[in-house]
Amino acid sequence: MERDFYNEDIEQLIKQKADQYKMYPSDKVWKGIHRTLHPQRKWYWLSFLLFLATISYYTIKDWIAPSGEQTATDLNKPAEQQPATSHNDDQQTAVIIPFITPAPEQPGNGPVASRIADAGTNVRGPENALVATASPEAPAAGDNINASAGHETPVIDMATRQRIENISHKAYSNITLLQAVPQQFTITAGNRLPVTSLTQVQEEDAAADADRARINWLHETAAYELTMPRAKRLSWQLSFSPTMNYRKLEGSRYARLRSDVKNIPIAFNIEGDPDNLVNHKPALGFELGSHFLYSISKRVTLRAGLQFNYSRYDIQAYSSNTTERATIALNNYYGVTTDSITNYTNLRNFGGDAAQDLRNQYFQLSAPIGLELRLLGNSKVQVGVAGTVQPTYLLNRNTYLITTDYKNYTQQPSLVRRWNLNTSAEAFIAYTTGDLKWQVGPQFRYQVLSSYVRRYPIAEHLMEFGIKIGVAKTIH
Amino acid sequence: MQKLSKLQGNQTVNMTEEAILQGCLHNEATAQRELYNRFSPKMLSVCYRFAHNREDAEDMLQEGFIKVFSQIHTFQNKGAFEGWIRRIIVHTCINHLKKNKKFNESVDIIHATTLQVREESVPSIIQAKQVVECIRILPIGYRTVLNLYAIEGYSHKEIAEMLDIEESTSRSQYTRAKQMLEDILIKKKIIQQRSKEKISWLGIAAGQ
């Protein structure tokens with residue numbers, strides 16, 4: 001009796017004192033909870049920022065700061081406004097060499113300027129340089145040179161080419177005459193440049209001096225040392241794929257390691273393929289990726305980058321008015337220990353008071369690395385295939401999983417795998433225009449490892465089918 | 001309906017428990033924060049009694065509240081909201097101990113009969129914290145059973161199911177745990193040696 005009284009006394013006081021005690025958690029606890037409960041907001045914003053960054057990149061690249069070749073081939077500008085030095089940064093710019101033909105050959109015609117146009121093809125020295133000549137007042141009818149503003153080689157008939165070569169040869173031999181004559185030139189028929197009168201020669205002396213220095217440098221160095229244009233191997237790709245997401249369940253993957261049956265509630269246990277015991281249906285998701293492409297050869301391209309995947313599927317379940325114990329039996333560690341996890345849930349798999357659709361969502365960040373192989377095509381249109389391996393980090397773990405007796409659904413984040421591995425295969429048709437390469441084609445993505453840790457006896461593999469749309473821009 | 005008044009930054013937020021519940025059902029962050037603010041101090045002390053250290057306790061608390069918010073639609077309004085939350089938190093603590101294999105270590109300690117308690121291992125804080133710290137000195141197996149039976153009110157049968165042990169094991173562990181706790185409290189001079197009279201709680205008397 002005394003003992004009982006004492007027992008009650010000490011138990012009561014222990015409970016009373018324990019209940020009085022309060023502790024205040026640090027801020028990181030709430031931050032962790034909030035991050036888990038509201039993960040999508042952050043990634044929606046990041047996706048939006050990525051989209052804005054892409055738009056900004058193209059705006060700056062193409063509109064605000066256009067590339068050098070457009071400036072170099074702007075034939076409507078006077079020579080004085082052209083850049084003073086050759087544009088050698090992308091190996092495709094026109095090299096402009098104003099020079100004069102000997103006076104005896106064109107008496108009374110004033111200064112003649114010529115242009116050596118390296119049109120972006122292999123130009124190694126003066127023997128391949130194309131020189132267009134024209135008098136300011138009357139361009140020769142046969143000197144019709146179609147020098148486009150792009151990358152195409154000027155089209156010159158054979159007679160003109162012969163004349164150009166002669167003039168070029170003489171111009172090189174008479175380079176010193178430039179000192180006395182101001183430079184003026186026109187390029188193509190119909191594109192006449194403003195002609196400077198002889199009375200303005202004095203005002204242009206300074207410019208002429210600069211040109212002379214430049215021409216001498218070109219003659220001595222650049223014209224003979226033009227390098228092969230380097231192939232532009234690196235490009236940046238942005239891709240988007242609407243995807244349809246499926247999953248495959250496997251229940252007997254770790255059959256030999258399954259837990260002792262005592263961990264499962266003593267009740268009728270359902271056996272069979274879990275794929276046939278659950279009702280799930282696919283749902284739409286998407287993939288947003290940013291990759292760098294590096295051409296190893298004409299056919300093979302290395303691809304690496306980052307991508308964000310939003311995958312989801314729906315589970316057709318039932319809700320119950322009563323809360324039930326949902327026990328998940330875990331795989332044992334080679335018979336040493338057995339474990340189970342118990343949660344409380346009102347979600348059932350087979351039947352309940354009302355039908356309820358559960359939605360499992362996966363927010364994944366991946367770093368794909370793989371190869372593209374060009375199978376067919378030319379410089380404009382290509383057909384190819386690609387494959388990648390994608391180490392993946394799962395951003396959220398609040399997905400529903402089924403209990404090991406297949407009766408209930410519950411959430412247990414600790415059983416959801418953070419790191420995973422995906423593979424992807426795709427075929428595409430690509431169209432190249434300028435620096436941009438557009439591509440479209442089907443893709444398939446498969447999650448190699450189960451969505452759950454090895455201790456959870458049921459394995460889930462996600463599958464995504466999608467149509468990938470991508471655009472790649474060459475990086476200069 | 002009980003009213004909540006909580007300072008958030010410079011704003012005072014008054015929400016009824018029903019409003020909090022409805023907000024949490026709609027996954028509203030404000031309501032979730034209110035619920036957390038109200039119950040987290042008490043629930044952290046629950047976790048702390050089960051955990052190895054404060055860091056583990058905060059991990060348990062975080063995981064437990066995530067479960068609370070994700071399963072809040074299962075709350076039936078039949079019992080106390082706090083009791084429902086507390087049950088989830090306790091189960092989270094048990095799962096956490098199992099997951100980290102810390103609970104299984106206690107299997108070896110079932111047969112332990114003596115425990116050396118160093119004088120300096122008990123903080124000199126009195127009353128509630130003093131008792132809680134004494135409980136935490138117990139081996140984890142003893143501590144878990146004592147927490148579940150004496151404080152959380154689970155039966156030995158329920159404890160046996162939760163911990164995957166026999167009911168008789170739960171009973172014997174509780175008996176030993178209580179004896180060990182009594183020894184600690186006496187050594188710490190928090191209670192007096194058992195006598196024919198009702199025991200007196202020195203610490204409590206000192207605090208009054």
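**Exercise 1. Is Y406(A) buried or exposed, and at what relative accessibility?**

Solution. This is a predicted model, in which local features need pLDDT of at least 70 and side-chain atom pairs count only at pLDDT 80 or more, while totals for chains, interfaces and linings use all residues. Residues are numbered from 1 along each chain as its sequence is written, chains are lettered from A and ligands numbered from 1 in the order in which they are written, and side-chain values use heavy atoms, with hydrogens and water left out.

Step 1: a residue is called buried under 20% relative accessible area, exposed over 50% and partly exposed in between, with a 1.4 Å probe and protein chains only. Step 2: Y406(A) counts as buried because its relative accessibility is 4%. Step 3: Y406(A) belongs to the loop between β10 (400-402) and β11 of chain A, where helices (H or I, at least four residues) and strands (E, at least two) are DSSP runs, numbered from the N terminus. Step 4: the phi of Y406(A) is near 65 degrees, a positive value in a residue other than glycine. Most residues other than glycine have a negative phi.

**Exercise 2. Determine how β6(A) is covered and how it pairs with β5(A) and β11(A)**.

Solution. Step 1: in strand β6 (residues 340-348) of chain A, 8 of the 9 residues are buried, so that the strand is mostly covered. Step 2: two strands pair if DSSP finds at least two bridges between them. Strand β5 (residues 300-329) of chain A pairs with β6(A) in the antiparallel sense over 8 bridges, and T327(A) has T342(A) in β6(A) as its bridge partner. Step 3: β6(A) is also joined to strand β11 (residues 408-411) of chain A by 2 bridges, again running antiparallel, with R348(A) opposite N408(A) in β11(A).

**Exercise 3. Decide on which side of α2(A) and of α8(B) the buried residues lie**.

Solution. Step 1: in helix α2 (residues 27-37) of chain A, the buried residues are V29(A), W30(A), G32(A), I33(A) and L37(A). They lie on the same side of α2(A) because they cover an arc of only 160 degrees around the axis, the arc being that of the directions from the helix axis to the C-beta atoms. Step 2: D27(A) and K31(A) are exposed on the other side of α2(A). Step 3: in helix α8 (residues 156-163) of chain B, the buried residues are H156(B), I159(B), A160(B), M162(B) and L163(B). Their arc around the axis is only 165 degrees, which puts them on the same side of α8(B). Step 4: just after α8(B) comes D164(B), placed in the loop between α8 and α9 (167-187) of chain B, and D164(B) has a positive phi of about 60 degrees although it is not a glycine.

**Exercise 4. Describe the surroundings of I85(B)**.

Solution. Step 1: I85(B) lies in helix α4 (residues 81-99) of chain B and counts as buried, with a relative accessibility of 0%. Step 2: leaving out residues up to four places away in sequence, I85(B) touches L35(B), F39(B), M43(B) and V68(B), a contact meaning heavy atoms within 4.5 Å. Step 3: I85(B) and F39(B) are 46 residues apart along the chain, and their C-alpha atoms are separated by 8.5 Å.

**Exercise 5. Classify the F75(B) and W84(B) pair, and find rings with a charge over them**.

Solution. Step 1: rings of Phe, Tyr and Trp (its six-membered ring) pair if their centres lie within 6.5 Å, and planes under 30 degrees apart count as stacked, over 60 as edge-to-face and the rest as tilted. Step 2: a search of the whole structure finds 20 aromatic pairs over all chains, among them the tilted pair of F75(B) and W84(B), at 5.4 Å centre to centre and 55 degrees between the planes. Step 3: F75(B) is buried at a relative accessible area of 12%, and W84(B) is buried at 8% relative accessibility. Step 4: a charge sits over a ring if NZ of Lys or CZ of Arg is within 6 Å of the ring centre and within 35 degrees of the ring normal. The charged end of R87(B) sits over the ring of Y344(A), 4.7 Å from its centre, and that of R136(B) sits over the ring of Y48(B), 3.9 Å from its centre.
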